[in-house]
Amino acid sequence: MRNVRLLELIWQGDVTTSGSNATRRMAGLLKGLLPVRAVHLSATAGVDRVCILSDETELLPGLPLGDVLVEELGIDVPYGTAIVISEEDGQDGPTTDEDMSYNLGMVVGNALLDVISRNVFPLHRESSALYVMGCSYHSMASGSGLQHLGLKPAHFRAGLAASLGAFWSGAQHSRVETSGLFLQQDFLASPRLRRYLATIDAGFSAPRPEQIGAGLMHFPGGARSYDQWLGLVQNAVMDRLGAHTARLCDS
């Protein structure tokens, strides 16, 4: 979504706070996936399923999203908050666990893409960093705690694949991504995908998915500011990639 368009939606009243049961369930699950402070909103137009943005996102030069939400919606948005905006479900029935899980996968994938956009990793490590972060969340989805809360691993991974696939393929949207590389649940383990990533980025070098556990992106201790979470992610991922490089040099 273009930032100016989001500003228009907020001014038009198409973005509002949400206290629905579906939003509460999604917020509870997201805490187990992204330990950052978050505000959840709903949109009646302009959002394709779900998006996540930082409160620092400038909708116009010098006009951050957090300030706009405080002014227009009268909600508390502490510095370092993630803003999750979900498409309002126009159906009468409850949101299914499958739909919620897919949306969570998209949210996590978009959050990982935001990490990359902030240049916290050296340019030659960005593809590898995104890959290992994706692998960690792919593994995390199998956790019994998340599944007991309603997370469906297959649907979460499909949403994750939609986000990462659109980025890696250069498609503007997952619906126009036609490579077929991201259709399987274990898309990250596909030798074809790893060859493709090495083709588009000569610096790509990452452990295999089975060597990357859920713990890489799991940071106990409760919700943090977005910047604090970024620092933890940067350190964990760079340490993992460094260990992989050292192992290759020793072999």
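**The main core**

Begin with the largest nonpolar core of this predicted model, a set of 57 residues. Select Leu34, Met133, Tyr137, Met217 and Trp229, the members with the most contacts inside this core. Next, colour the elements that each supply at least two of its residues: helices H2 (21-33), H4 (97-117), H5 (126-140), H7 (153-169), H8 (191-200) and H9 (226-250), together with E3 and E6. Helix H4 gives the largest share of this core, with ten residues. In general, nonpolar side chains tend to be buried together in soluble globular proteins.

Now centre the view on methionine 133. Which residues are in contact with methionine 133, leaving aside its neighbours within four places in sequence? They are Leu112, Val115, Ile116, Phe121, Met217, Val233 and Val237. Of this group, Met217 was already selected as one of the core residues with the most contacts.

A second core, separate from the one just visited, has 18 residues. Select Leu6, Leu41, Cys51 and Val77, which are among them.

**The strands around E6**

Select strand E6, residues 82-87. Is E6 largely enclosed or open? Five of its six residues are buried, so the rest of the structure largely encloses this strand.

Add strand E2, residues 38-43, which pairs with E6 in the parallel sense over six bridges. To see one position in this pairing, select leucine 41, which stands opposite isoleucine 85 in E6. Leucine 41 is also one of the residues of the second core.

Then add strand E3, residues 50-54, which runs antiparallel to E6 and is joined to it by five bridges. Two positions illustrate this pairing. Leucine 53 has isoleucine 83 of E6 as its bridge partner, and serine 54 stands opposite alanine 82. Why is E3 described as largely enclosed by the rest of the structure? The reason is that four of its five residues are buried. While rotating these strands, the viewer may recall that side chains in a regular strand alternate between the two faces of the sheet.

**Salt bridges**

A search of the whole structure finds five salt bridges; three are visited here.

For one of them, select aspartate 97 and arginine 25, whose side chains meet at 2.9 Å, N to O. This pair links distant parts of the chain, with aspartate 97 in helix H4 and arginine 25 in helix H2, 72 residues apart. Aspartate 97 is partly exposed at 22% relative accessibility, and arginine 25 is partly exposed at 29%.

Move next to arginine 49 and aspartate 99, which form a salt bridge at 4.0 Å, N to O. Because arginine 49 lies in the loop between E2 and E3 while aspartate 99 belongs to helix H4, the pair ties together parts that are 50 residues apart in sequence. Both ends are partly exposed: arginine 49 has a relative accessibility of 25%, and aspartate 99 has a relative accessible area of 38%.

The other stop is the salt bridge between arginine 118 and aspartate 114, at 2.8 Å, N to O. Aspartate 114 is partly exposed, with a relative accessible area of 21%.

**The loop between H4 and H5**

Keep arginine 118 selected, since the loop between H4 and H5 holds this residue. Arginine 118 is partly exposed at 29% relative accessibility. Leaving aside neighbours within four places in sequence, arginine 118 is in contact with Ser54, Glu56, Tyr226, Asp227 and Leu230. Ser54 has appeared before, as the residue opposite alanine 82 of E6. For a distance across the model, display the C-alpha atoms of arginine 118 and glutamine 185: these residues are 67 places apart along the chain, and the two atoms are separated by 28 Å.

Asparagine 119 lies in this loop between H4 and H5 as well. Is asparagine 119 buried or exposed? At 58% relative accessibility, asparagine 119 counts as exposed. Its backbone also deserves a look: phi is positive, about 60 degrees, although asparagine 119 is not a glycine. Most residues other than glycine have a negative phi.

**A surface patch**

End the tour on the surface. Select Val4, Trp11 and Leu60, which form a nonpolar patch with about 290 Å² of accessible area together. Valine 4 is placed in helix H1, residues 3-11. With a relative accessible area of 42%, valine 4 is partly exposed.

Methods
Residues are numbered from 1 along each chain as its sequence is written. This is a predicted model: local features need pLDDT of at least 70, side-chain atom pairs count only at pLDDT 80 or more; totals for chains, interfaces and linings use all residues. Side-chain values use heavy atoms; hydrogens and water are left out. Patches are made of residues with over 30% relative accessible area and no salt bridge: like charges are joined within 9 Å, nonpolar side chains (Val, Leu, Ile, Met, Phe, Trp, Tyr) within 5 Å. Accessible areas come from the Shrake-Rupley method with a 1.4 Å probe; for residues, only the protein chains shown count as cover. Buried means under 20% relative accessible area, exposed over 50%, partly exposed in between (1.4 Å probe, protein chains only). Two strands pair if DSSP finds at least two bridges between them. A nonpolar core is a set of buried Ala, Val, Leu, Ile, Met, Phe, Trp, Tyr and Cys residues joined through side-chain atoms within 4.5 Å. Contact means heavy atoms within 4.5 Å.
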